Amino acid sequence: MQVLTVTQFVTYVNDTFKAIWDPTLVALEGEVSEFRVSQGQWVNFNVKDADALVSVFMVLGKLNLPLADGMRVRLYGFPRIYPKYGKFSFSADRVELVGEGALQKALAMLRAKLEAEGLFDPSRKRTLVRFPQRIALVASRESAAYGDFIRIVEERWRGIEIDLYHAVVQGEKAPDSVVGCIERAQKNGPYDAIVITRGGGSLEELMAFNDERVVRAVYASKFPVLAAIGHERDITLVEEAADVRGSTPTDAARRLVPDRRDVLYEIATLEQGIGESLLQKIEAGREIIERATDGAERWLETFRQRVASLLRLVSSFNPDAILKRGFAIVRDSQGNILSTIAKLKPGMQVAINLRDGEAGAMIEGNQGRLI
Amino acid sequence: MAKKKLDIDFAKSFKELEDIASWFEEGEPDLDEGMKRYERASELAKGLKAKLDEAENRIKEIKNS
């Protein structure tokens, strides 16, 4: 007979459970009841079926989806006795939702929570640049989604750099893998966009893209996120938190890059418009020159007329013209013009110039007595 | 050399081309400046077209280090 202390007994039982219970082979499934979180870190609830009930204990940090009473769950962990109180419970490390109903319900709860926090706020959504040069692609390299995305980008655009961050996009490891890719891309940036894409699947298969951690990583991204998960009708929380949503991987490629044929046409149109504008300018320039030439001619004509009248004026000062009008010029014997009577003396010889010649003359008398 | 030519910032060049087009639309009467901008526009358009015709997309996997 072996006698065990209480502590030894609890240890023995717990060791036995550990030895016989392999969580990779066995899971516990049931319906959640009396779900509660205590002190912001411990999760307690019951799982039950029609005939039995087991209490479940969990660390809040390990609970990566919202739970509520009535949900059907699958639990991975160990049965154990809590030494201090002797309470038997199932200590869960991981919870999976079972059935579309539970998933839908969990999704609705998480959506409401994140929406209230503003993670889907349309006002904070950034637009994508028109001509991205460098992008990060978070996808599974083996997936059809990856193939489709790359094919459409290749069809449409040239000269883009794509950094592929290979991610596990389904199953237990997917959330961590996708979060890791987004975080690494933050460090390796800058990127014009981070594209996250995955092909269609059941709600369960797409669940990584409804995972709270993944949604928060998308929300926190420094670079705009373009997400296209599943088909048109599936809208995951990642897509709601993303800046831009593509309905499919193909659609994501179309939203990311323009069609080069359209852009080539646009370049040609711009170039042609510029050429035409320049021609118009040249035409306008020619008109200005022509207008200026017309003006010069008009000015020249006026100038010519002004010069002609000036010439007439100048010619009126010509002494010949004066003589023609009947005046005479009187000079002394040295040829000096005698313009005043004071210079005339009786008996003085003078020369008189008239229109058609010169004659000699002698002064006979003084002023007043002449003639 | 061909590679060098393709090493343009597509977005920046495209924007510059658009800006030249709007300058012409605004109808500045400076013909000398117009000639200069027209030449620049032709050069830009040529570079952009070359990039769209000849450049390749580069895809590389970033391994988890």
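**Figure 1. Leu164(A) stands opposite Glu61(B), a residue in strand 1 of chain B.** The model shown here and in the following views is predicted. The strand pairing in this view crosses from one chain to the other: strand 7 of chain A, residues 161-166, pairs with strand 1 of chain B. The two strands run in the parallel sense, and four bridges connect them. As general background, the strands of a sheet pair through backbone hydrogen bonds, in either a parallel or an antiparallel manner.

**Figure 2. The side of chain B that touches chain A draws on helix 2, helix 3 and strand 1 of chain B.** In the contact between the chains, 28 residues of chain B meet 34 residues of chain A. Helix 2 (10-25), helix 3 (31-54) and strand 1 (58-61) of chain B each contribute at least two residues to the touching side of chain B. Helix 3 of chain B provides the largest share, with 10 residues. By residue class, the side of chain B that touches chain A comprises 17 nonpolar, three polar and eight charged residues.

**Figure 3. Chain B is built from three helices and one strand.** Read from the N terminus, its elements follow the order α-α-α-β. Chain B has 65 residues, of which 22% are buried.

**Figure 4. Helix 3 and helix 7 of chain A pack with their axes 8 Å apart.** Two packed helices are described by the angle between their axes and by the distance between those axes. Here helix 3 spans residues 144-156 of chain A, helix 7 spans residues 249-256 of chain A, and the angle is about 30°. Because angles under 35 degrees count as roughly parallel, helix 3 of chain A is described as roughly parallel to helix 7 of chain A. The crossing of these two helices of chain A is right-handed. On helix 3 of chain A, the contact is made by Ala145(A), Asp148(A), Phe149(A), Ile152(A) and Val153(A). On helix 7 of chain A, the contributors are Pro249(A), Thr250(A), Ala252(A), Ala253(A), Arg254(A) and Leu256(A). The residues of this contact between helix 3 and helix 7 of chain A divide into eight nonpolar, one polar and two charged.

**Figure 5. The buried residues of helix 5 of chain A pack against three helices and a strand: helix 2, helix 4, helix 6 and strand 9 of chain A.** Helix 5 of chain A covers residues 212-220, and its buried residues are Val214(A), Val215(A), Ala217(A), Val218(A) and Tyr219(A). In chain A, the surrounding elements are helix 2 (99-117), helix 4, strand 9 (225-229) and helix 6 (237-241).

**Figure 6. Strands 11, 12 and 13 of chain A form an open sheet with antiparallel pairing.** The order of the three strands in chain A is 11-12-13. Strand 11 (329-331) and strand 13 of chain A are the edge strands, each pairing on one side only. On average, neighbouring strands of this sheet are turned by 25° against each other, direction ignored. Strand 12 (residues 349-354) and strand 13 of chain A run antiparallel and are joined by six bridges. These two strands of chain A form a hairpin with two residues between them. Among the bridge partners, Val350(A) is matched with Ala361(A) in strand 13 of chain A, and Asn353(A) is matched with Glu358(A) in strand 13 of chain A. Strand 13 of chain A, residues 357-362, is hardly covered, and none of its six residues is buried.

**Figure 7. Glu34(A) and Gln39(A) each have a positive phi.** Most residues other than glycine have a negative phi, and most peptide bonds are trans. Glu34(A), which is not a glycine, has a phi of about 50° and is found in strand 1 of chain A, residues 28-38. Because it has 12 C-beta neighbours inside 10 Å, Glu34(A) counts as exposed. Gln39(A), likewise not a glycine, has a phi of about 50° and is placed in the loop between strand 1 and strand 2 (42-48) of chain A. Gln39(A) has 6 C-beta neighbours inside 10 Å and therefore counts as exposed.

**Figure 8. A cis peptide bond joins Gly189(A) to Pro190(A).** The omega angle of this bond is about 5°. Pro190(A) is placed in the loop of chain A between helix 4 (174-188) and strand 8 (193-198).

How values were computed:
Residues are numbered from 1 along each chain as its sequence is written. Chains are lettered from A and ligands numbered from 1 in the order in which they are written. This is a predicted model: local features need pLDDT of at least 70, side-chain atom pairs count only at pLDDT 80 or more; totals for chains, interfaces and linings use all residues. Axes are lines fitted to C-alpha atoms, for helices over the stretch in contact, and angles run from 0 to 180 degrees between N-to-C directions. Angles under 35 degrees count as roughly parallel, over 145 as roughly antiparallel, 65 to 115 as roughly perpendicular and the rest as oblique. A crossing is left-handed if the near helix is turned anticlockwise from the far one by less than a right angle, and right-handed if clockwise. Two residues are in contact if their C-beta atoms, placed from the backbone, lie within 7 Å. Ala, Val, Leu, Ile, Met, Phe, Trp, Tyr, Cys and Pro count as nonpolar, Asp, Glu, Lys and Arg as charged, and the others, Gly among them, as polar. Two strands pair if DSSP finds at least two bridges between them. A residue is buried if 20 or more other C-beta atoms lie within 10 Å of its own, exposed if 12 or fewer, and partly exposed in between; C-beta atoms are placed from the backbone.
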